[in-house]
Amino acid sequence: MSTTEARRKAELEAKRAKLAELKRAKAERSSAFAALQAQPRVGTAGSQSVSSGPSPPPTRDRTEIDNLVSSLLGDRPRTSASNSSHSSGVPATPTQTDSAPRPQSSSASLSLAAAPLVTILDVAPPVMNEVVTYSKEVQTTEVWVGSDEEGEDRDMVGRETEEELRARIRAEVEEEQRRLAKVEQVEEHLHKRDAEAAPELTEPELDNLRTAPSLASFLDRSTRVLSRALADENYDILKDYSASLTPANTDAESSTLTQVHQFYDTSRGRGRAVTALDFCTQHPELVLASYTKGSGTAASSTAPGSIQVFNSFADPGVAEYSFTAPSDILSAQFSPFDPHIVVGGLYSGQIMLWDLRAGERAVLRSPLTTTSSSTSTGLLGHSSPVYATSIVGTQNAASLVSISTDGHFCAWSLDQLSAPLESLPLISPLNHTEIAPTCLAFHPRDPTAFVVGTEEGGVWGCARYDRAGGAGAKAGVRGWVGGHGGGAMVTGVGWHPGRGMGMGVGAGELGEVVVSCGLDWSVKVWRGQNANGNANGKSVGQASAKVREEEASLTYLREEIVYDVAWHPTRPSIFATVDGSGALDIFDIVRDQEISVARATPTPHPSTSTNARSRSLNKVRWEAGSGDGRRVAVGGLGGVVSVFDVGKEFGGEGGGQEEAGAVKRILGGGRR
């Protein structure tokens, strides 16, 4: 029993005791009054008749008697002597008073001297002791107007309300228990029904489900989202590269070369060498790398050729997209007009096109051929390794250009690769034999003019179409630009971008500047001269028609073989190279014409070999999509792709016209 219930029970018992005491006192008063009225009247001298003799005089005053009766019975109307006599039928004497002695001979005085009034004076009034109760928990006095029975009834009503509340709560709990039991029964029934309805799959059916393309696609997308979430919490993990076209820029302000990313997929890139690099124009955070066939045990279980697209905001150890090919991929790039398209040239001579939305297999591919010459049935593709590809033109008129080591140039439509739109043999004007191109660079504003570097060590100027204007206006090789000593193979070539810097395309402008590197451990900057002086303001293709062999405008001698070179996309005086020692060098023609102005080496990846061959770098690529050229990517024989931030010193808009003018003055004076 709780403390509250015990207290309420004690209060109730006290009230019952008080009520019983009041009832007992009332009963005593009633019995005393009844005894008073039942007592017989007394006469004088033993007379039995009221009128036979006079009554004895009263021993007390009538007023005292009335007061005593009033205290016992409450306020009641007094009965006068005359009224008493009238009610008994005996006339009273009008002149007689209550206090005067009554004559014994008067019959009226006999009726007023009633015996019960004399006897009542001998009964002592009962003494009532008041019972006082109190409660320690009550701090204020509650005024109650009403009888004790009503108070007891009110207390009983409150107690019944509490009991009703308890009963209601108990009923609600029982109802909730019944409802939960019913829900459990329904769930158990449904589970049992589903278990009975679901058929048991056989092992072949389970294997089919595990290898279903839809499941693999779902797991691939989910893995990308999770890797993004774990890599960078400030990145939009649900970004869809098949729909969004908003580029992202970097805001780093460092003035030194800082390695900001390093990509290497251990599951697909082990034992492979990087053959090409590219940044997505629309999504600069996406970095593309193509690879040769892997070595070791992994080579037997994976496709020979591989392209991996890494996300700068995701896990650097897992590629965002992966593409495969049946042969080594020697060149690859994003389409500058469509971020979903990736093209590449294979060692087998095929041209392939992949789509980010279509999985790892190529959606278009050129046929395998045994010859690159034209036949009666039409143009054929390449039959030799394709070391260089490029997408030129505009958004509405773009074409894919490729060259192979058998000396053939092809132009393809991105909508179909069954046959090239153009096919052109590259014949040397010196010995009238086909040259073996290893690298390719197009003029930034003329999609018909390009230069190639060859295995024989020469850099040749070429044109896609015949031009009117006399000798040397035929399509193909137009003239000699320069060469590397001893017939050393040219490993990289780049045509100065010149765009956005106020640079024209005629003679005397930076549009004629070409940089090349080769196996002779040198980097050379060439400036072609038009034999006709370009007096008519002809295009670059015409200006390169009769380029004579001359000494390079600038030559940088290195201590290692230089494998690739690339002009900065916005700074007219800066270009970058990579060499066999695994170093990235930044050159500034204006600041220094002999050595590089900055140098950095990628951090060794823990999953690759530490030998010198693995550290060698053979590809370099600037980021052009962001417009400031702050990042540059390098890759090598170890398969690791490293991205550096060149800082504000080598990035951004630079000196503009002033810097371009300084470059023209330096190159115009010849070698320094």
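**Exercise 1. Check the span of helix H1.**
Task: Work out what span helix H1 (residues 3-38) should have, and compare this with the model.

Solution. Begin with the terms: helices (H or I, at least four residues) and strands (E, at least two) are DSSP runs, numbered from the N terminus. The expected span of a helix is 1.5 Å times one less than its number of residues. Helix H1 has 36 residues, so it should span 52 Å. In the model, the C-alpha atoms at its ends are 53 Å apart, which agrees.

Next step: which residues of H1 are buried? Buried means under 20% relative accessible area, exposed means over 50%, and partly exposed lies in between (1.4 Å probe, protein chains only). In H1, the buried residues are Leu 12, Leu 19, Ala 25 and Leu 36.

Before going on, a note on the model. It is predicted, so local features need pLDDT of at least 70, side-chain atom pairs count only at pLDDT 80 or more, and totals for chains, interfaces and linings use all residues. Residues are numbered from 1 along each chain as its sequence is written, and side-chain values use heavy atoms, with hydrogens and water left out.

**Exercise 2. Judge the confidence.**
Task: Find the average pLDDT of the chain, and say where pLDDT stays under 50.

Solution. pLDDT is the predictor's confidence in each residue, from 0 to 100. Its average over the chain is 76, and 69% of the residues score at least 70. Now look at the weak stretches. Over residues 42-59, pLDDT stays under 50, and the model has 20 contacts (heavy atoms within 4.5 Å) beyond four places in sequence for them. Residues 76-114 also stay under 50, with 39 such contacts.

**Exercise 3. Trace a sheet.**
Task: Give the order of the strands in the sheet that holds S6, and name its edge strands.

Solution. Two strands pair if DSSP finds at least two bridges between them. The order is S6-S7-S8-S9: these 4 strands form an open sheet with antiparallel pairing. Strand S6 (329-334) and strand S9 (364-365) are the edges, since each pairs on one side only. Now zoom in on one pairing: S6 and strand S7 (residues 341-346) are joined antiparallel over 5 bridges. As for a single bridge, Ser 331 has Gly 345 in S7 as its partner.

**Exercise 4. Describe the aromatic pairs.**
Task: Count the aromatic pairs, then describe the pair of Phe 263 and Phe 310.

Solution. Rings of Phe, Tyr and Trp (its six-membered ring) pair if their centres lie within 6.5 Å; planes under 30 degrees apart count as stacked, over 60 as edge-to-face and the rest as tilted. The structure has 9 aromatic pairs. Phe 263 and Phe 310 are stacked, with 5.1 Å from centre to centre and 15° between the planes. This pair links distant parts of the chain: Phe 263 lies in strand S1 (residues 258-263) and Phe 310 in strand S4 (residues 305-311), 47 residues apart. Both Phe 263 and Phe 310 are buried.

Another stacked pair is Phe 575 with Phe 587, again at 5.1 Å and 15°. Phe 575 sits in strand S23 (residues 574-579) and Phe 587 in strand S24 (residues 584-588), 12 residues apart. Both Phe 575 and Phe 587 are buried. Ring pairs also join Tyr 556, Trp 567, Phe 575 and Phe 587 into a cluster.

**Exercise 5. Compare salt bridges.**
Task: Are the partners Arg 179 and Glu 176 buried or partly exposed, and what about Arg 631 and Glu 623?

Solution. A salt bridge is a side-chain nitrogen of Lys or Arg within 4 Å of a carboxyl oxygen of Asp or Glu. By this rule there are 20 salt bridges.

- Arg 179 bonds with Glu 176 in a salt bridge, the closest N and O atoms being 2.6 Å apart. The two are 3 residues apart in helix H6 (residues 148-197), so about one helical turn separates them. Arg 179 is partly exposed at 42%, and Glu 176 is partly exposed at 35%.
- Arg 631 and Glu 623 meet in a salt bridge at 2.8 Å, N to O. Arg 631 is buried at 8%, and Glu 623 is buried at 1%.

Finally, a network of salt bridges links Arg 558, Asp 579, Asp 585 and Arg 599.
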